[in-house]
Amino acid sequence: MTAPLRGAPGDAPHAGPARSRVLVLFAHPAFHRSRVHRAFLKAVQGLENVRVHDLYEAYPDFDVDVRREQQLLESHDVVVLQHPIYWYSTPALVKQWFDLVLELGWAYGAGGTALAGKRLLCAVSTGGRAGSYGPEGQNRLTLRELLAPVEQTARLCGFEFLEPYVVYGTHALSPLEIERAAAGYAERLASLRDGAER
Ligand SMILES: Cc1cc2nc3c(=O)[nH]c(=O)nc-3n(C[C@H](O)[C@H](O)[C@H](O)COP(=O)(O)O)c2cc1C
């Protein structure tokens, strides 16, 4: 079932040369049950120069269109990977997307400079509380440590890896807390777009 917000968010025209173009690669395998990411999408909907690309909607069969994805990446300056944390990692389609889109000679290796100098932001949510991530917690590792494969993939491809935007403890969040987290997310994207954050 397609949820109401899916595919709708902002795909606004460019506002001017001073602004970076932001591409949100959104991946949620169960969007119909989402509270947090639904609010995130709503908050960034209509933000100028922010384009949301819903990977599970585009590729329900995991049949990623490599050329289309590469063209999208080439035409944006900031790439956001927005998804819930699933088993300490990305949802499966994000891994498939990495495996297919980040080609040798395009993204890395000899002549592979298509992504060099772009910035990458992970925008993720966890069911686990903040205190459960880290050496004292049940999950042992910090979220930044768990994101190491994504960070290193990004760095190998020449991205600048930004401080991730993380919302912890999603199951216990009130609607107001979710709304605040979503507003913070929209502010972060706007500041990246406007060059206020380096
Ligand atoms: C298959 C699956 C695996 C998950 N793995 C983790 C995990 O490793 N760590 C964690 O903190 N939460 C985990 N969660 C909880 C989700 O991250 C959480 O439900 C999500 O961030 C909430 O966002 P939403 O309201 O947009 O769905 C998992 C959930 C599912 C369904």
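**A tour from strand 3 outward**

Start by selecting strand 1 (residues 22–26) and strand 3, which run parallel and are joined by five bridges. Strands here are DSSP runs of E with at least two residues, helices are runs of H or I with at least four residues, and both are numbered from the N terminus. Two strands pair if DSSP finds at least two bridges between them. This is a predicted model, in which local features need pLDDT of at least 70 and side-chain atom pairs count only at pLDDT 80 or more, while totals for chains, interfaces and linings use all residues. Residues are numbered from 1 along each chain as its sequence is written.

Within this pair, Leu-25 has Leu-81 in strand 3 as its bridge partner. Next add strand 4 (residues 119–125), which runs parallel to strand 3 and is joined to it by seven bridges. Here Pro-84 stands opposite Ser-125.

Now keep strand 3 (residues 78–84) alone: seven of its seven residues are buried, so it is largely enclosed by the rest of the structure. A residue is buried if 20 or more other C-beta atoms, placed from the backbone, lie within 10 Å of its own. Val-78, Val-80, Gln-82 and Pro-84 lie on one side, and Val-79, Leu-81 and His-83 on the other.

Then select the ligand. It is surrounded by 15 residues (C-beta atom, placed from the backbone, within 6 Å), the closest being Ser-34, Pro-84, Thr-126, Gly-127 and Gly-128.

Finish with helix 3 (residues 66–74) and helix 4 (residues 92–101). Val-66, Glu-69 and Gln-70 in helix 3 meet Trp-97, Leu-100 and Val-101 in helix 4, contact being C-beta atoms, placed from the backbone, within 7 Å.

Note on methods. Contact = placed C-beta atoms within 7 Å. Buried ≥ 20, exposed ≤ 12 C-beta atoms within 10 Å, placed from the backbone.
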